Number of protein chains: 2
Amino acid sequence: MRSSDNPSRKATSFDVARQAGVSRATVSRTFTPNASVSPETREKVHKAAKELGYRVNYLARSLINRRSDLVGIVVAGMDNPFRAQQVHEIAKALVSRNFRPILLPADQGESADHVMDQLLHYNVSGVLVTSDAPPTELCREFAVHGIPIVLINKGDPIPLVDRVISDNATAGRVAAETLVECGAKQLAVLSASHVSYAARHREAAFVARGMDLGCAPRVVPVLINDYQNGLAAGRDLDGIDGLFCINDYMACGVIDALRTKPQDPKNRIRLIGHDDIGQAAWQAYGLTTFRQPCDIQASQAIDLLISRMADPELEERTVLTPVTLVRRVTA
Amino acid sequence: MRSSDNPSRKATSFDVARQAGVSRATVSRTFTPNASVSPETREKVHKAAKELGYRVNYLARSLINRRSDLVGIVVAGMDNPFRAQQVHEIAKALVSRNFRPILLPADQGESADHVMDQLLHYNVSGVLVTSDAPPTELCREFAVHGIPIVLINKGDPIPLVDRVISDNATAGRVAAETLVECGAKQLAVLSASHVSYAARHREAAFVARGMDLGCAPRVVPVLINDYQNGLAAGRDLDGIDGLFCINDYMACGVIDALRTKPQDPKNRIRLIGHDDIGQAAWQAYGLTTFRQPCDIQASQAIDLLISRMADPELEERTVLTPVTLVRRVTA
DNA sequence: CTGTTAGCGCATTCAG
DNA sequence: CTGAATGCGCTAACAG
């Protein structure tokens, strides 16, 4: 008396096998890619399966495969529209490749550890991290367990951990050049560089190029790269006519601050952001900004994941994704 | 020769048992809530576990429990900031209660079916749906399989399917009253009511109350409740001095349209939105709107899930969450 | 191509 | 309180 006695319970391969008059192994083969089953039996099995509403239990399967098609997405700062978009693209890409994304918000510092730790219980096939502060030690632990990790736009190199990074250097450089082209002389960059790898690098490239062009940019630090900090910083801004914001989320705040501030009409401040969030294109902002191709980043991240699943010992890799300047009205 | 021969592989309860000098059953009990293990042996087991980096394999566990602590989140329209926030809150709530959210974007109509179908392979403990067009038939299938579903702000009653719904009637009513209070005489409501349950109900309540107050509202239909449609509709708006937008996402578009449109300054149009997305509070908008308590909705949805897990035969329930009017500058 | 056998890692009877 | 045995649902090896 195995299963099949309780009709309300989910059908198992055993039930299907009986109904189709074959063995369980054959049922299994029928639902395994690259199987080898004769067309007729496969037909029978499919028929029986449909009648019984049978579905392969992936959990049981992964017990054998030692791998679960589950992939963790660790994310912080979902209030930033760019993050939301990123998560969306990653989830879509994952699903389209037959992975199941398990979403882990990691906002409150310590929780990231706990949450990633949980993943270890699920035999995940990999982890995608787009949180600002990647917990380096945990990354190591995953690597040790042979679980692929890829960092998106974050963090310095870690052995066995791959990264997808957008071209921050180009963004910073082009931002400086564009602002100067537009006639700006007093450059500044707004960024919370201590919390974000990307911010740090964009800022550095901007400053370097600004110097080259003969206008040493001022660095205006903020606590977090968000709207509120942008707004506050925007109010205090002075003696500046060209500003690079490390991200659009903050840039929107700056624009709102400038809007209500008396400005010299002959010397409007030129502004460039980064990310091309939806709001950047809203009429109230018309923000000139760098577009990050979320969809491409997502699919490249997954490529890295897959290739490392095949060979966990691979040396860590970094792929650079291009940014493109979207010119609107602020510069 | 069971496991334990390959040191690089993950430790199993077998390994821990050996190292601690106890049986596998005891190890199991040590990591099972409400176990009954003597403090000393529990201590030994924990020590061994730590040394070996042992983690319970939840996948194997769920094979026995017939349940996996995995919960699906089905979502569409993540470009709407409100949706993003909703997903974030749900994911946080889920994780804090020791569930694992698996995120399923369901944008392209048909994909919702396919994607939900996949969930059936994972023995999920439940499904939370916040997509605009809930696939009624699939809901039924889940119900049949005894998998709890809760719809958030969506859909008409389905047997065995619970719902968390924000107080759309009050929102619609208060919107009408508030606009009139502010001196509006020509009311209108902007909504794509065919795609959204919530829109339909807010619209109806608004119209009803408007009639009561002696100003029959005009209903302006749009295709989708998004920024672009708001922008377009805003441009065409005429002969209106009080507008209720079914959601903030669209309301932002309306505001942007009105901003660039010559308006009679003595008869500015009063505007009320719904959701209180982050942008509503941005200085460029200052949108008066109804706040939906995402966090409360999330936790109530999970409560429903849990109670139905305990008793799948429960009659379907509906919980109503309150909305609160946040007054800013547009009304 | 198909059936048989032997586990994947764990929790749960049932004895002791 | 603890250990031995059984099986959750499935697939990988090996015959045939």
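1. Domains of chain A. In this predicted model, chain A is divided into three parts: domain 1 covers residues 3–56, domain 2 combines 68–166 with 294–322, and domain 3 spans 168–291. Domain 2 is therefore written as two stretches of sequence, as its definition by an automatic or database assignment gives them. The centres of domain 1 and domain 3 of chain A, taken over C-alpha atoms, are separated by 61 Å.

2. The annotated region of chain A. The UniProt record, an unreviewed entry, places the feature "domain: HTH lacI-type" at residues 11–65 of chain A. How much of this stretch is helix, and how much is strand? Over residues 11–65 the chain is 67% helix and 0% strand. The C-alpha atoms at the two ends of the stretch are 21 Å apart.

3. Surroundings of DNA strand C. Strand C is surrounded by 27 residues, and the closest are A:Thr26, A:Arg29, B:Ser13, B:Arg24 and B:Arg61. By class, the surface near this DNA strand has 10 nonpolar, 10 polar and 7 charged residues. Among the atoms of DNA strand C within 4 Å of the protein, 62% belong to sugar or phosphate, and the rest belong to bases.

4. Polar contacts with DNA strand C. Which part of the DNA does the side chain of A:Arg29 approach? A polar side-chain atom of A:Arg29 lies 2.4 Å from a base oxygen of DNA strand C. Phosphate oxygens are also approached: one is 2.8 Å from a backbone N or O atom of A:Ser38, and one is 2.6 Å from an N or O atom in the side chain of B:Ser28. The elements that give two or more residues to the surface near this DNA strand are helix H2 (24–30) and helix H4 (58–65) of chain A, together with helix H2 (24–30) and helix H4 (58–65) of chain B.

5. Surroundings of DNA strand D. There are 27 residues around DNA strand D, of which A:Ser13, A:Arg24, A:Arg61, B:Thr26 and B:Arg29 come nearest. These 27 residues divide into 10 nonpolar, 10 polar and 7 charged. Sugar or phosphate accounts for 62% of the atoms of DNA strand D within 4 Å of the protein, and bases account for the rest. H2 and H4 of chain A and H2 and H4 of chain B each supply at least two residues of this surface.

6. Polar contacts with DNA strand D. A polar side-chain atom of B:Arg29 lies 2.6 Å from a base oxygen of DNA strand D. With phosphate oxygens of DNA strand D, a backbone N or O atom of A:Ser13 is at 2.5 Å, and a polar side-chain atom of B:Thr41 is at 3.0 Å.

7. A sheet in chain A. Six strands of chain A form an open sheet in the order E7-E6-E8-E9-E10-E12, with mixed pairing. Strand E7 (218–221) and strand E12 (324–326) stand at the edges; each has a single partner strand, so one side of each is left without a neighbour in the sheet. The twist averages 20 degrees from one strand to the next. Within the sheet, strand E9 (270–275) and strand E10 (288–291) pair in the parallel sense over 4 bridges, and A:His274 stands opposite A:Phe290 in E10.

8. A sheet in chain B. An open sheet of 6 strands in chain B has the order E7-E6-E8-E9-E10-E12, and its pairing is mixed. Its edge strands are E7 (218–221) and E12 (324–326), each paired on one side only. Strand E10 (288–291) of chain B runs antiparallel to E12, joined by 3 bridges; here B:Arg291 stands opposite B:Thr324.

Key:
Residues are numbered from 1 along each chain as its sequence is written. Chains are lettered from A and ligands numbered from 1 in the order in which they are written. This is a predicted model: local features need pLDDT of at least 70, side-chain atom pairs count only at pLDDT 80 or more; totals for chains, interfaces and linings use all residues. Side-chain values use heavy atoms; hydrogens and water are left out. A residue is near a molecule or strand if one of its heavy atoms lies within 4 Å of it. A polar contact is a pair of N or O atoms within 3.5 Å; within protein, one must be able to donate a hydrogen and the other to accept it, and residues adjacent in sequence count only if both atoms are side-chain atoms. Ala, Val, Leu, Ile, Met, Phe, Trp, Tyr, Cys and Pro count as nonpolar, Asp, Glu, Lys and Arg as charged, and the others, Gly among them, as polar. Two strands pair if DSSP finds at least two bridges between them. Axes are lines fitted to C-alpha atoms, for helices over the stretch in contact, and angles run from 0 to 180 degrees between N-to-C directions. UniProt positions are given in the numbering used here, feature names are shortened, and annotations may be inferred rather than shown by experiment.
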